[in-house]
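Here are a few exercises to work through with the model open in your viewer. Try each task before you read its solution.

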Amino acid sequence: MLADERREAILRAVERQGSITVKELAEEMGVSAVTLRQDVRELAGRGLLTRVHGGARALAPAGPAPAETPAAAPSTTERYAVGLVVPPGGYYYAEVIRGVQDAARSLGVRVVLAVSGESLSENQEQVRQLVAGGIDGLLLMLHPGLRPVDEAEQWLSGLEVPAVLVERRAGIKAGRLEQVASDHAYGAALAVRHLAGLGHDRVALVARVESPNTAHLSAGYAEAVESMGLRPGPEYRIVTGADAAPADGRFDEVIRAVEAGEVRAALVHNDIDAIALVGILRARGLRVPEDLALVTYDDEVAELSETPLTAVAPPKQAVGAWALDLAVRRLSRPDTPQAEILLRPELRVRASCGAQRRASA
């Protein structure tokens, strides 16, 4: 069935019944629900019907305005429905979700949230259910440990609806995906440059093994060290999973280096680890920033540390808002060039790096 024929059939069904659901009409016409949703969007854009969640309804007849207008009921119309897939747990994602929500309100978009599993098959099933439920596009913050990578990227490149990776970066095999993320490499370099500006010629990096951002942090850290002519500092990788050592054991190498005076400045990813490190140092008779100038990466709870922590703050809400805006642009104008957007973090200076002491000296 040609596109014009499908759209004529949709209009006839809406005129006859008053409203239709995409799922039922797709089965009746023998076409995919994805194709029919695109037809409904096109017809709604031309002002021939009203698009509602899951289907469409006839345009309201024109008539004189009533003498008194009652309080308006919530509108059932929506511009698009977008599925948002996030990993379970973790405070990081709450701010990104908030950014998506705020943008959705202003853009007239309904967001459907789903929690991803750890396996590829679980993520595929979540996406399949969202698409079957009538979403128009996807925002994907998939589980950071998703394996195998090649198979995951091949699956992502063949999705039926437009998709945007959120705070994730994909390789060329998933080239059809658009991406919005924080520029973590820039954020790490920002911290190194700040510490170097305070007189430190050697900066350590402490980062989680399992974090999807560690590779980007390491790259930005190394580039900043080289470009500023600093002495290469040690990079420590800590494990925080279920089988990890207690916190004091996790930081053994870091503590020994601070005690020996080998490390006097460090970037630590993330806030929880940085706050734990401050407590362990204090228990060993070491002080922040006197014995270790410290910058944390995240800025979710950095200010609540006993010594408020200088922090690199990724623009999480902005990432969510840009991701939704990008999805809407793709749905509204499918022929626009694909985008990969990196948003730069900012540095928030507090007591842990020693900048305040230096300024008052």
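Two strands pair if DSSP finds at least two bridges between them; helices (H or I, at least four residues) and strands (E, at least two) are DSSP runs, numbered from the N terminus. You're looking at a predicted model, where local features need pLDDT of at least 70 and side-chain atom pairs count only at pLDDT 80 or more, while totals for chains, interfaces and linings use all residues. Residues are numbered from 1 along each chain as its sequence is written, and side-chain values use heavy atoms, with hydrogens and water left out.

**Exercise 1. Trace the open sheet.**

Work out the order of the six strands in the open sheet.

Step 1: start with β4 and β5, which run parallel and are joined by seven bridges. Here V86 sits opposite V115 in β5.

Step 2: carry on across the sheet, and the order reads β5-β4-β6-β7-β8-β14, with parallel pairing.

Step 3: check the ends. β5 (109-115) and β14 are the edge strands, each pairing on one side only. From one strand to the next, the twist averages 20°.

Step 4: add the helix. α12 lies across β4, β5, β6 (137-140), β7, β8 (178-182) and β14, and runs at about 165° to β8. Axes are lines fitted to C-alpha atoms, for helices over the stretch in contact, and angles run from 0 to 180 degrees between N-to-C directions.

**Exercise 2. Find the largest nonpolar core.**

Which residues of the largest nonpolar core touch the most other members?

Step 1: set the terms. A nonpolar core is a set of buried Ala, Val, Leu, Ile, Met, Phe, Trp, Tyr and Cys residues joined through side-chain atoms within 4.5 Å. Buried means under 20% relative accessible area, exposed over 50%, partly exposed in between (1.4 Å probe, protein chains only).

Step 2: among the 26 residues of this core, L84, L139, M141, V164, V166, V180 and L324 come out on top. Two or more residues each come from β4 (80-86), α4 (92-107), β7 (163-166), α12 (316-332) and β14 (340-343). Apart from this core lies another, of 24 residues, including Y236, V254, V263 and A302.

Step 3: zoom in on V180. Leaving out residues up to four places away in sequence, V180 has contacts (heavy atoms within 4.5 Å) that include V164, V166, W322, L326 and I341.

**Exercise 3. Check two helices and a pair.**

How does the span of α8 (residues 214-227) compare with the one expected at 1.5 Å a residue?

Step 1: the expected span is 1.5 Å times one less than the number of residues. α8 has 14 residues and reaches 20 Å from its first C-alpha to its last, close to the expected 20 Å.

Step 2: list its buried residues: T214, L217, S218, G220, Y221, A224 and V225. Their cover includes α7 (184-197), β9 (204-208) and β10 (235-238). Just after α8, G229 has a positive phi of about 65°.

Step 3: repeat for α3 (residues 33-45). Its 13 residues should span 18 Å, and the end C-alpha atoms are 18 Å apart, which agrees.

Step 4: now take α5 (residues 120-132) and α6 (residues 149-157), which pack at about 10° with their axes 11 Å apart. So α5 is roughly parallel to α6 (angles under 35 degrees count as roughly parallel, over 145 as roughly antiparallel, 65 to 115 as roughly perpendicular and the rest as oblique). L120, N123, Q124 and V127 in α5 meet E151, A152 and W155 in α6.

**Exercise 4. Place one glycine.**

Is G55 buried or exposed?

Step 1: G55 lies in β3 (residues 55-57). With a relative accessible area of 4%, G55 is buried.

Step 2: not counting residues up to four places away in sequence, G55 touches I20, T21, V22 and V40.
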